[in-house]
Structure formats: structure tokens, C-alpha cells
Amino acid sequence: MDEQSSLLALFTSSFLAATLLPGGSEAVLFGVLTAYPELYWSALGLASIGNTMGGMSSYAIGLLLPDEKSLLKRLGGSTRGLIWVRKYGSPVLLLAWVPIIGDVLCVAAGWLRINWISTMLFMAVGKFARYWAIAAAISL
């Protein structure tokens, strides 16, 4: 796969991994950085942007949920994420990268109508930090 195709695959897998669909983008990041180490910052940037956009799609789902019953169904009956977002607000979205709970936090933030700009910023910082830690470990 060439450089552009690799970056497109990374962006796509990063986006999908942050939605309610199962998947992981870490292996794709590993593959891209192993094959093209010179794409370090491009790969980090695209993975972070794609993953943040995927998280914001979960936020948008939360905006569309009409009532608490629909929200709880989408969250699998767990109220923990909802409680965390109510208590801590958008800074809790630094944890949006955490498997399973991250999706819950993003949906809950949308349902609670947390400011989308602060939501996106905290989400992006957390997701970038995770990808940066992974990329740093790969390049050791």
C-alpha cells in the first residue's frame, strides 16, 4: 500500500474505531508507522482527527436521543458515563479514547447538550495523547 492509501486507511479505521462500531485503529497506526516512519506527524494528526470525528458522531447520536429511556438503551443500561459527564462536564472527555466507556461518555455529552466546542477540544486532546503514546512506543 502506498503512503496516501495507508493514511486514508488509518483515518478511516480511526474514525470507525471511535463510533459505536467495534474496531481498533492501533494496529493500522502501527502498520503505517512501521512502513512509513517519515509519516509520523501526519499519521498522528490524521488518526487523532479521524478518531475525534468518530467521537463527535457519537455526540451527535446523543443529541438525537429524545428521552432518558432511549439514552439508557443506547448506553447499554449503564448510567456511570452519564453521571460522570454530569459531574465533571467536558473535561471528562479526555477519557473518550477508553474502550467502551469512551462511547458512553460521548453519547452522554451529546444528550446532556454539553458545549460541542469544549467537548471536541477535550476529546481531541485525549485522543491525540493516546495516539502519541502509542506512536512513541512504536518508534523506540
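Biologist: Leaving aside its neighbours within four places in sequence, with which residues is Gly-110 in contact?

Modeller: The model is a predicted one. Gly-110 is found in helix H6, and at 0% relative accessibility Gly-110 counts as buried, because the cut-off for that class is under 20%. Once its neighbours within four places in sequence are set aside, the contacts of Gly-110 are Tyr-59, Gly-62 and Leu-63.

Biologist: How many residues of helix H6 are buried?

Modeller: Helix H6 spans residues 101-111 and is mostly covered. Its buried residues include Asp-103, Cys-106, Gly-110 and Trp-111. Of the 11 residues of H6, the number that are buried is 11.

Biologist: Which residue with a positive phi follows H6?

Modeller: The residue in question is found in the loop between H6 and H7. Its phi is near 60°, a positive value in a residue other than glycine. At 48% relative accessibility this residue lies between the cut-offs of 20% and 50%, and therefore counts as partly exposed. The residue that follows H6 is Arg-113.

Biologist: Is Ile-100 buried or exposed?

Modeller: Ile-100 has its place in the loop between helix H5 (80-88) and H6. Its phi is near 70°, which is a positive value in a residue other than glycine. The relative accessible area of Ile-100 is 73%, and the cut-off for the upper class is over 50%, so Ile-100 is exposed.

Biologist: Which residues lie nearest the centre of the largest pocket?

Modeller: The space in this pocket is about 290 Å³. Its lining consists of 19 residues, which divide into 10 nonpolar, 5 polar and 4 charged. Nearest the centre of the pocket lie Ala-17, Gly-23, Trp-97, Pro-99 and Ile-100.

Biologist: How far from Lys-127 is the nearest side chain of opposite charge?

Modeller: Lys-127 is found in helix H7 (residues 116-138). Leaving aside neighbours within four places in sequence, Lys-127 is in contact with several residues, among them Ser-48, Asn-51 and Trp-97. Lys-127 is buried yet has no salt bridge. The nearest side chain of opposite charge belongs to Asp-103, at a distance of 6.4 Å.

Biologist: Which two residues meet in a salt bridge through their side chains?

Modeller: A search of the whole structure finds 1 salt bridge. The pair links distant parts of the chain, one partner in helix H2 (residues 26-35) and the other in helix H7, 104 residues apart. The N to O distance is 3.0 Å, which is within the 4 Å cut-off and therefore counts as a salt bridge. The two residues are Glu-26 and Arg-130.

Biologist: Which class of accessibility does Arg-130 fall into?

Modeller: Its partner Glu-26, at 29% relative accessibility, counts as partly exposed. The relative accessible area of Arg-130 is 12%, and this value is under the 20% cut-off, so Arg-130 is classed as buried.

Biologist: How far apart in space are Ile-83 and Ala-108, C-alpha to C-alpha?

Modeller: Ile-83 has its place in helix H5, and Ala-108 is one of the buried residues of H6. At 48% relative accessibility, Ile-83 counts as partly exposed. The two residues are 25 residues apart in sequence. From C-alpha to C-alpha, their separation in space is 8.8 Å.

Biologist: What distance separates the C-alpha atoms of Ile-138 and Ala-109?

Modeller: Ile-138 has its place in helix H7 and is partly exposed, with a relative accessible area of 24%. Its contacts, leaving aside neighbours within four places in sequence, are Leu-29, Phe-30 and Leu-33. Ile-138 and Ala-109 are 29 residues apart along the chain. Their C-alpha atoms are separated by 32 Å.

Biologist: How far apart in space are Ile-61 and Thr-79, C-alpha to C-alpha?

Modeller: Ile-61 has its place in helix H3 (residues 40-64). With a relative accessible area of 26%, Ile-61 is partly exposed. In sequence, Ile-61 and Thr-79 are 18 residues apart. In space, their C-alpha to C-alpha distance is 16 Å.

How values were computed. Residues are numbered from 1 along each chain as its sequence is written. This is a predicted model: local features need pLDDT of at least 70, side-chain atom pairs count only at pLDDT 80 or more; totals for chains, interfaces and linings use all residues. Side-chain values use heavy atoms; hydrogens and water are left out. Buried means under 20% relative accessible area, exposed over 50%, partly exposed in between (1.4 Å probe, protein chains only). Helices (H or I, at least four residues) and strands (E, at least two) are DSSP runs, numbered from the N terminus. On a 1 Å grid over the protein atoms alone, a cavity is a set of points where a 1.4 Å probe fits but cannot get out, and a pocket is an open set with protein on both sides within 12 Å along at least five of seven lines; lining residues have an atom within 4 Å of a point. Grid points are joined across faces, edges and corners, and a volume is the space filled by probe spheres set on the points. Ala, Val, Leu, Ile, Met, Phe, Trp, Tyr, Cys and Pro count as nonpolar, Asp, Glu, Lys and Arg as charged, and the others, Gly among them, as polar. Lys and Arg count as positive and Asp and Glu as negative; His and the chain ends are not counted. Contact means heavy atoms within 4.5 Å.
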